[in-house]
Structures are given as structure tokens and as C-alpha cells.
Amino acid sequence: RGAQPFALRGLATAGAAGARGWWAQSCAVATDHLEGWRTAAAGWAPSAARSIATSTAASMAKPGNIKEHALLKDWMFEEMGIAKPGSEPRRRRSGAIAVKCGMTAEWNEHGVRVPLTVLWIDDCRVTQVKTQEKEGYTALQLGAGSKKAKRLNRSERGHFAAGDLPFSAELTEFRVSPDAILPVGTAIGASHFSAGQFVDIQGRTIGKGFQGPMKRWGFSGLPASHGTTKKHRAHGSIGNSQDPGRVWKGKKMAGRMGNRKRTVQSVFVYKVDADRNLLYVKGQVPGKAGRFLKITDALRKPPEAPAYPAWGFGDFAEGAPSGVSVAKMDDPFVTQSE
């Protein structure tokens with residue numbers, strides 16, 4: 001059904017001509033199709049590439065499921081003189097380390113209640129710079145919070161003393177672009193993010209300990225009627241006997257629940273309090289109150305004009321925001337007719 005790949009189409013043509021010389025004929029047909037693609041590539045445009053990628057002439061092509069450049073090779077983009085989407089490196093700036101304070105709620109300008117999580121950026125600063133020449137990659141190590149010297153070992157105390165930095169309770173790395181490197185000691189506050197942008201927040205979920213299959217995986221358990229004895233919350237069968245003679249890896253069974261590293265993507269920043277270094281984000285984030293979280297610009301919804309690499313550097317050397325800024329939200333009561 002549908003169109004066949006070029007090699008199969010050549011084999012079908014060769015089979016109709018006869019068994020003798022089928023390999024030479026199939027190669028000739030496949031070569032003709034390849035030359036046709038090369039000839040058409042010289043005059044292709046993005047609109048033509050879109051029609052080819054979503055047409056039924058390509059094998060397994062379905063409209064809406066294949067991107068514009070999915071069936072195009074690198075040499076095709078070179079002949080067209082355009083950059084292949086995704087080939088240029090993404091500019092990444094540093095994130096921040098925050099403490100989860102808890103949840104609250106506010107009413108926006110439309111009278112809608114917005115659930116918010118309060119994040120406190122506590123004395124977040126750059127503690128180490130990692131470069132491509134020395135470590136093999138470009139990143140910034142950030143520290144946040146405070147800790148007594150007696151709570152650190154000798155290597156940790158020497159690490160902070162080398163940069164004349166205060167002792168931090170949490171250290172985290174952020175991969176950045178080579179042009180987004182910040183000097184050691186640079187402070188990053190809540191003004192690093194703006195109200196209305198989206199961020200990705202990573203943390204460790206709340207640990208639930210050892211739990212059964214009903215709580216951990218949502219199993220319904222065994223029947224609660226007559227005949228079931230001390231097995232009401234069991235998971236039931238876990239596999240066959242001789243074939244395969246073992247339990248498959250990853251089987252949903254009882255075990256330790258929670259305390260896993262998870263990332264919530266595209267979290268909306270509702271309000272930024274630059275004076276108190278507080279971020280108010282919409283919805284929930286992983287972890288208990290008091291745990292450290294890792295905040296970065298959203299991967300799927302990057303900010304339009306962020307402070308790159310940070311406030312106080314480059315084009316953003318001056319004009320750092322202060323006070324409280326609140327994002328504007330869409331009116332949920334506006335109908336389609338209006």
C-alpha cells in the first residue's frame with residue numbers, strides 16, 4: 001500500500017523484466033531516482049521541502065508527523081544555502097539554585113485564583129568555572145545557602161577558600177555556552193528571571209519509603225470478597241513458570257517509592273520579587289519545603305530577550321530590575337465570539 005522505497009521499486013521493476021540481470025536493473029532504477037533527487041535539490045525551497053516531506057511519495061510519510069527537514073540530507077541544505085534546523089548550537093546561560101519555601105495563592109487581574117510555589121534564591125553565586133580546555137566541557141558551578149565550617153571536610157573548605165567565597169550548603173553545575181561564562185563570585189538573584197517567562201525546575205520528589213503495589217503503581221488489588229485471605233493488597237501474578245522461568249526486569253512490584261530526581265518543564269513565572277530574591281511560579285514543583293531546586297530557562301519555551309549572560313555583563317551591564325514585577329495572564333472569560 002502506498003508508495004514503495006526506491007530500492008523496492010527498483011526490485012519490483014527488475015522482477016517484472018525477468019530474473020536474469022535483476023541486480024543490474026534494480027541498481028539502474030535506484031540510481032535514476034537518486035539523480036532525480038539531486039537535480040531537484042538545487043532549486044528546492046522550504047515550501048517545496050514541506051510538500052515533499054508530508055506527501056505520500058515518501059516511505060512512511062504522514063502529514064503532520066514528519067518535520068519539514070526530516071527527509072532532507074545535509075548536502076541538500078548545503079546546496080540550498082540554508083542552515084539545517086537544529087544544527088546551530090543553542091545559547092545557554094546559567095540558571096540558579098533556589099529553596100522551596102512552600103505554596104500559596106493569589107488572585108490575578110481577572111479575579112482568577114492562581115496556585116503558586118514560593119522559591120527563595122539564597123545567596124546564589126558562582127563558585128567555579130569549568131572550561132573546554134581543562135575539564136572538557138563548559139559549565140558554571142554555583143553554590144547557594146550557608147553552612148558551618150565544621151560541617152565541611154578539608155577538601156570542601158579548601159575549594160571555597162581558593163576563591164575566597166563563603167561556605168555554601170549546595171553546589172550544582174549548569175552547562176552554559178562559551179560566551180556565557182561568569183567570573184567566580186558573581187551573585188545571581190531573582191532578577192535573573194523575568195515575570196512571564198517559563199522555566200524548568202528540577203528537584204528530588206518526596207520519599208514515601210517502601211510501599212506496596214496499590215499505592216506505588218495504582219493496582220486494584222485482589223478481590224475483597226469471600227475466599228481471599230491476607231492477600232487483599234497483593235499485586236497478583238508476576239509471570240509464567242518455566243517459560244521464561246524468571247521475572248522480567250522493570251516489573252511493577254512493591255518497592256521504594258519517591259526520592260527520585262524529576263524535572264517539571266515549562267513552569268510559568270508569575271511574580272518576581274527582586275528585593276527579597278523570591279520567585280512565585282505557577283503550580284507545583286518536586287520536593288519538600290526546605291529542599292534545594294535547580295532552575296533553568298525553559299527548553300521548550302525559551303525566553304524572548306533574557307539577561308544574557310546575566311545582569312551586570314555585556315548589553316545588560318546596567319538597568320537591573322528591582323521591586324516586584326507581576327506577569328499578565330490571559331483573560332479566561334473571553335469567549336471566541338468576542
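Biologist: Two strands pair if DSSP finds at least two bridges between them. With that rule, which strands form an open sheet, and in what order?

Modeller: There's an open sheet of 3 strands, in the order 3-4-5, and the pairing is antiparallel. The numbers count DSSP runs from the N terminus, for helices (H or I, at least four residues) and strands (E, at least two).

Biologist: Before I go on, what kind of model is this?

Modeller: A predicted one, where local features need pLDDT of at least 70 and side-chain atom pairs count only at pLDDT 80 or more, while totals for chains, interfaces and linings use all residues. Residues are numbered from 1 along each chain as its sequence is written, and side-chain values use heavy atoms, with hydrogens and water left out.

Biologist: Back to that sheet. Which strands stand at the edges?

Modeller: Strand 3 (125–130) and strand 5 (170–175). Each has a single partner strand, so one side of each is left without a neighbour in the sheet.

Biologist: And how much are neighbouring strands turned against each other?

Modeller: 25° on average, direction ignored. The angles run from 0 to 180 degrees between N-to-C directions of axes, which are lines fitted to C-alpha atoms (for helices, over the stretch in contact).

Biologist: How many bridges join strand 3 to strand 4?

Modeller: 5, with strand 4 covering residues 139–144 and the two running antiparallel. If you want a spot to click on, Lys130 has Ala139 in strand 4 as its bridge partner.

Biologist: Nice. Which strands does helix 5 lie across?

Modeller: Strand 3, strand 4 and strand 5. Helix 5 is residues 154–162, and it runs at about 95° to strand 3. Contact there means heavy atoms within 4.5 Å.

Biologist: Moving along the chain, how many bridges join strand 6 to strand 9?

Modeller: 6, and that pair is antiparallel too, with strand 6 at residues 198–204 and strand 9 at residues 261–273. Try Arg204, which stands opposite Lys261 in strand 9.

Biologist: And how does strand 6 run against strand 11?

Modeller: Antiparallel again, through 4 bridges, with strand 11 at residues 292–297. On that side, Val199 faces Asp297 in strand 11.

Biologist: Switching to charges: how many salt bridges do you count?

Modeller: The count is 6, taking a salt bridge as a side-chain nitrogen of Lys or Arg within 4 Å of a carboxyl oxygen of Asp or Glu. One of them is between the side chains of Asp179 and Arg91, at 3.7 Å from N to O.

Biologist: Where do Asp179 and Arg91 sit in the chain?

Modeller: In distant parts of it, 88 residues apart. Asp179 is in the loop between strand 5 and strand 6, and Arg91 is in the loop between helix 4 (74–80) and strand 1 (96–107).

Biologist: Now the backbone. What kind of peptide bond joins Asp243 and Pro244?

Modeller: A cis one, with omega about 10°. You'll find Pro244 in the loop between helix 6 (213–217) and strand 8 (255–257). There's a cis bond between Tyr308 and Pro309 as well, with omega about -5°. Pro309 sits in the loop between strand 11 and strand 12 (324–326).

Biologist: What about phi of Lys230, positive or negative?

Modeller: Positive, near 60°, and Lys230 isn't a glycine. Look for Lys230 in the loop between helix 6 and strand 8, where Pro244 has its place too.
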